[in-house]
Amino acid sequence: MDLVLSLKKSCLNYYIKLKLYSYWRSSCSHRVRIGLNLKDFLKINPIGYVPALVDGDFVVSDSFAILMYLEEKYPQPPLLPSDLKRKAINYQAANIVSSSIQPLQNLAVVKYIEEKAGADERDIWAKTHIGKGFAALEKLLKDYAGKYATGDEVFLADLYLAPQLYAAVNRFNLDMTQFPLLLRLHEAYSKLPAFQNAAPEKQPDAPSS
């Protein structure tokens, strides 16, 4: 369905139509929903399976490409800091999540591990690879984190971290006490409306039980 989204710009109200194809449990979709919320889109109803954004006659897929498209088209509030070093840290954190963690704990992968080696090995596999990535993120962010991942404002790194932290806690029951910085960030994200409204269980296609 079309999503009629109200935005405010230069004190004028106008409407644009965007269509987001999503899936309630997908962490890629999750991070795009947060990005849309932060850009002050007032109504988001994900449909479909994977993150793809339809803007008029233009279609963009892949969560990173979608977020960068939104950043260019709707620059406020920014998803990237102006400081070059902090911007690089945001890219690094996003890349650790999208390249070193997420592909190894996606549903298709863990289902394959379960079929070949059993549920116990599936859980060990997922927790091992999430843990390696989280250890790297703890080291990367320790000198840059403030209230959020790279300071006191929400940026791209937070959009990638929040869904991955959600999955680690809610899907894989990972012991987060070994990652105190990430645990603190997870708790901080849970208090933000843009993150709350993007949560998987809040989506229209989420199972009722």
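His186 just makes it into the buried class: its relative accessibility is 19%, and the cut-off is under 20%. This histidine sits in helix α7. Leaving aside residues up to four places away in sequence, His186 touches Leu165, Tyr166 and Val169. Keep in mind that we're looking at a predicted model here.

**The chain as a whole**

Let's step back for a moment. The chain has 8 helices and 4 strands. Reading from the N terminus, you go through β-β-α-β-β and then a run of α-α-α-α-α-α-α. Of the 209 residues, 47% are buried. Among contacts with a separation of 6 or more, 67% are between residues 24 or more positions apart. As for the outside, the accessible surface is about 10900 Å², and carbon and sulfur atoms account for 54% of that.

**Helix α6 and the main core**

Helix α6 covers residues 156–170. Its 15 residues should span 21 Å at 1.5 Å a residue, and the end C-alpha atoms are 22 Å apart, which agrees. How much of α6 is buried? The count is 13 of the 15 residues, so the rest of the structure largely encloses this helix.

The largest nonpolar core holds 42 residues, and those touching the most other members are Phe134, Leu137, Leu141, Leu161, Leu182 and Tyr189. Elements giving two or more residues to this core are α2 (63–73), α3 (84–105), α5 (119–141), α6, α7 (180–189) and α8 (193–196). The largest share, 8 residues, is from α6. There's also a second, separate core of 7 residues, with Val32, Leu36, Val60 and Leu70 among them.

**Phe134 and the aromatics**

Phe134 deserves its own paragraph. Not counting residues up to four places away in sequence, Phe134 touches Ile101, Gln164, Leu165, Ala168, Leu174, Met176, Phe179 and Leu182.

The model has 5 aromatic pairs. In one of them, the ring centres of Phe134 and Phe179 are 5.6 Å apart with their planes at 85 degrees, so this pair is edge-to-face. The two residues are 45 apart in the chain, with Phe134 in helix α5 and Phe179 in the loop between α6 and α7, so the pair links distant parts of the chain. Elsewhere, Tyr148, Tyr189 and Phe195 make up one aromatic cluster.

Here is how the two phenylalanines compare with the histidine from the opening:

| Residue | Relative accessibility | Class |
|---|---|---|
| Phe134 | 0% | buried |
| Phe179 | 5% | buried |
| His186 | 19% | buried |

**The β3–β4 hairpin**

Now for the strands. β3 (residues 52–55) and β4 (residues 58–61) run antiparallel and are joined by 4 bridges. One of the bridge partnerships puts Ala52 opposite Ser61 in β4. The two strands form a hairpin with 2 residues between them. Gly56, in the turn, has a positive phi of about 65 degrees.

Which residues of β3 point to which side? Side chains in a regular strand alternate between the two faces of the sheet. In β3, Ala52 and Val54 are on one side, with Leu53 and Asp55 on the other. All four of these residues are buried, so both faces of β3 are covered.

Terms used:
Residues numbered from 1 in each chain as written. Predicted model: local features only at pLDDT ≥ 70, side-chain atom pairs only at ≥ 80, totals over all residues. Heavy atoms only, no water. Buried < 20%, exposed > 50% of the residue type's maximum accessible area, 1.4 Å probe, protein only. Pairing = 2+ DSSP bridges. Expected span 1.5 Å × (residues − 1). Core = buried A, V, L, I, M, F, W, Y, C linked by side-chain atoms within 4.5 Å. Contact = heavy atoms within 4.5 Å. Areas by Shrake-Rupley, 256 points an atom, 1.4 Å probe, with all protein chains shown as cover. Phe/Tyr/Trp six-rings, centres within 6.5 Å; stacked < 30°, edge-to-face > 60°.
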